[in-house]
Amino acid sequence: MSSLHADEAFLAHYQFSHDPFAPRVPGFKFFPAQRKPVLGQLHHLARYSHLLLAVTGPLGSGKTLLRQALVASTNKDAVSSVVISGRSVTDEATLLRQLAQGLGITQTSIEAILAKVAQLAITGQDVYLLVDDAEQLRDDALEVLLLLAAGNSEARLHVFLFGEPELLSRLEVLSEGEERFHAIELQPYSEEETREYLAQRLEGAGQGIELISADLLADIHEQSGGWPGTINQTARDAMIEAMLADRSGERKAAGAGFKLPKKHLAILGVVAIGVIAAWFMQGKTSKPETASNSAAQTSSQLPLGGTAAQPNAQAQPDAQGSGPSVEFAGSNQPLPLPLVGESQPVIREPMAQAGGQEDADEGGMPSAAIPPTVTTTAPPVTPLANNGPKPLNPVPSAPVQQQAAAQPVPAPTPAPRPEPVKPAATAPAKPVQAAKPVATKPATTVASAKPATAASKPAAATGSAGGSSWYQSQAGSRYSVQVLGTGSEASAKAFISQQGGGDYRYFRKNLQGKPFYVVTYGNFADRTSAQAAIKKLPAKIQASKPWARPFSSIQQDIAGAR
C-alpha cells in the first residue's frame, strides 16, 4: 500500500477533513496555560529590556509555533517584523544582506541598519528581528546579532532567537561573562495540556477527543514526553494501529460467517449418523413377507436411504394392489431422488462453512474434505521425500556402476598429493617478494613526513600567537580553520592558552569600525584537509561551527585593519 493510499485510508476511516497531526495545519494555534505567559513575557521584554532574547527547546517543542504567534499578536502599526531562517543564513554577510532587504535599504552595515531603525522609531514603529533555527548560525553572525540587540544611543533592534538548547552555551562564550542576552526555556505539556492539544487538533479535522480513550491518552503523553511534535507522531501511529486492528477484526467476523465450533460439529455429525441409522432400521423392520411388497418397499425407501444405485427409481404399486408405504406426488414421472439432494446439504453445508470453504482467501480453516485428499496423495510422495541421498546419484538402479565408481577413488589420491606440495613451496616465495616493496613504502612515507614536521616547527616558533606577520608569510592558496571570533583580545589569548597554544593563533580585524579578534587553527594545503581537521577538534570547539577559510581572505582582513 502506497503512502498516499494509506493516508487516504486513514482519513476515510476516521472521517477526517484533513490530517489532524500534520506539522503545519493552517489556522491552528494552541497555547496552553504555561505558553501564554511566555508569549506575554516576550512582548514585555521586547519593550523594556535591552538584551537579546533566546527561546530554546528540543526539536518539536513548539518554537516555530510560538514565533508565529509572536508575529501574529504584534500591532502591525507599531511593529515591523523581519523573519529569517538560520538554515538559509549562516554567516555575517548573508545575515546583514537579508536584514537590509527586510528593512528596504541597500547598505548592509550595522550603522546603516541602526540608522534605519532610528528613522522608524521616530515614526513610532519598532523593528522585531526573529530568527528560526538559530543554532545553525555561525559565531560571527551571532556576534552581529548581539551588537544589533545592544544598539547605540539612538536606536536598537529587538532580536529574538528560536533554537535548540545548545545555542545558550555558544551565547555564553560570546558574551564573555557580560549580561548580553536573556534565555527562556520552553517546558513540555502536562497530561491535561496534551489532552487539550489533541482535542483541538481533532476538532479542527471534524472529530472529537472521544476517538482517543483515557488509557491511550496516557500512553501518548508518556511516550512523547509532552512535546507537541512528538505528540503528533505518537498519536497518529496509535490511531493507525487501532484502524488496522479494527479492519482485521471486521475481516475475521465477515470470514467467520455461520461457522460452528468443532464440538458442535461433532455432535451434529453424531446426530446425523443416528438419524440415518434409524431410517435404515425402520425400513428393515417394516419389510413385508411377499416379494412384491419387498420390491415396492425397497423402491419406496430409495429416496429415504440416500443410496444412488437406482437414481430413477419410482414408487409403484405391486401386482396384488397393495400400495407402498411412501407415495410421491407425480410418481408417474421419473424422479431423480429429490430427498437425497435436499437432505444432504442440511448436514454438509454447516460443515463446509465450519471448514472455511467460503473464505479460503481470507485464511480460513480447510474444509472437512481436504484432509482425506492430502493423506491419499501423501503416501506416494513420502518415499521420494525420505530418499534424500538417492537423487544425488543419476542412475540409482545400477549397483555395478556404483561399485566401479567406488574402486577408482583411492587410485587418484596419490596423484593430487604431490600437486599441493608445489604451490605450497611457491606460496612462501610470493609473499617474500611482495614484502620487499611493502618495507620500502613506510620508509618513503617516513622520509616525506620528516621534512613536513621540520618545516612546520620553525613556522610555529617564528611567529607569535597574535602577530600578523605569520599570516602574511603564508601562501594565499593554503587554508586555516577559524574557530572563534571575539571583541576582546584577552579572551582570544585566554582561549589559546586553554588549548595549550600549538597550532592555535589569532589575528586582528576591524568589524564595523571596532577591533575584532579571530582565532584560527593550523595550516593546511587545501580546503579538504582543513575540513578533515575540523572533525578531529574537541567536541566543544566543533559545537561553535568552525569553518575553513583561505589565507588570502585572512590577509585581506589583516590589511583592512591597518
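Start by selecting Arg-67 and Asp-132: both residues are buried. This is a predicted model, so treat the tour as a walk through computed geometry. Show the two side chains as sticks and you'll find them meeting in a salt bridge, with 3.0 Å from N to O. Now colour by secondary structure. Arg-67 sits in helix 3 and Asp-132 in strand 3 (residues 126-132), so to speak two distant parts of the chain, 65 residues apart, linked by this pair.

Stay with strand 3 for a moment and step on to Asp-133, in the loop between strand 3 and helix 6. Check its backbone: phi of Asp-133 is near 50°, a positive value in a residue that isn't glycine. Most residues other than glycine have a negative phi. Is Asp-133 buried, exposed or partly exposed? Its relative accessibility is 21%, so Asp-133 counts as partly exposed; the cut-off for buried is under 20%.

Next, select Arg-180 and Glu-143. Here the side chains meet in another salt bridge, at 3.5 Å from N to O. Glu-143 belongs to helix 6 (residues 139-150), while Arg-180 is in the loop between helix 7 (166-175) and strand 5 (181-185), so the pair ties together parts that are 37 residues apart in sequence. Turn on a surface and both ends go under it: Arg-180 is buried, as is Glu-143.

For one more charged pair, jump to Arg-549 and Asp-557. Their salt bridge has its closest N and O atoms 2.7 Å apart. The two partners differ in cover: Arg-549 counts as buried because its relative accessibility is 5%, whereas Asp-557, at 21%, counts as partly exposed. How many salt bridges are there by this rule? The count comes to seven.

Now for the largest pocket. Put the view on Pro-23, Arg-24, Gly-62, Thr-64 and Leu-65, which are the closest to its centre among the 28 lining residues. The space inside comes to about 610 Å³. Which elements give two or more residues to the lining? Highlight helix 3 (63-72), helix 8 (191-204) and helix 10 (228-256) to see them. Colour the lining by residue class and you get 11 nonpolar, nine polar and eight charged residues.

Go back towards the N terminus and pick Gln-15. You'll find Gln-15 in the loop between helix 1 (3-14) and helix 2 (35-48). This is another backbone to inspect, since phi of Gln-15 is near 60°, a positive value in a residue other than glycine. Gln-15 counts as exposed because its relative accessibility is 61%. Add Gly-206 to the selection and draw a distance between C-alpha atoms: Gln-15 and Gly-206 are separated by 7.7 Å, though 191 residues apart along the chain.

Over to the surface. Select Ile-267, Val-271, Val-275, Ile-276, Trp-279 and Phe-280, which form a nonpolar patch with about 540 Å² of accessible area together. Zoom in on Phe-280, which lies in helix 11 (residues 262-285). With a relative accessibility of 43%, Phe-280 counts as partly exposed.

Last stop: Gly-502, in the loop between helix 18 (489-498) and strand 7 (504-511). Gly-502 counts as exposed because its relative accessibility is 55%. Bring up Tyr-521 as well and draw one more C-alpha to C-alpha distance: Gly-502 and Tyr-521 are 8.7 Å apart in space and 19 residues apart in sequence.

Definitions and conventions
Residues are numbered from 1 along each chain as its sequence is written. This is a predicted model: local features need pLDDT of at least 70, side-chain atom pairs count only at pLDDT 80 or more; totals for chains, interfaces and linings use all residues. Side-chain values use heavy atoms; hydrogens and water are left out. On a 1 Å grid over the protein atoms alone, a cavity is a set of points where a 1.4 Å probe fits but cannot get out, and a pocket is an open set with protein on both sides within 12 Å along at least five of seven lines; lining residues have an atom within 4 Å of a point. Grid points are joined across faces, edges and corners, and a volume is the space filled by probe spheres set on the points. Helices (H or I, at least four residues) and strands (E, at least two) are DSSP runs, numbered from the N terminus. Ala, Val, Leu, Ile, Met, Phe, Trp, Tyr, Cys and Pro count as nonpolar, Asp, Glu, Lys and Arg as charged, and the others, Gly among them, as polar. Patches are made of residues with over 30% relative accessible area and no salt bridge: like charges are joined within 9 Å, nonpolar side chains (Val, Leu, Ile, Met, Phe, Trp, Tyr) within 5 Å. Accessible areas come from the Shrake-Rupley method with a 1.4 Å probe; for residues, only the protein chains shown count as cover. A salt bridge is a side-chain nitrogen of Lys or Arg within 4 Å of a carboxyl oxygen of Asp or Glu. Buried means under 20% relative accessible area, exposed over 50%, partly exposed in between (1.4 Å probe, protein chains only).
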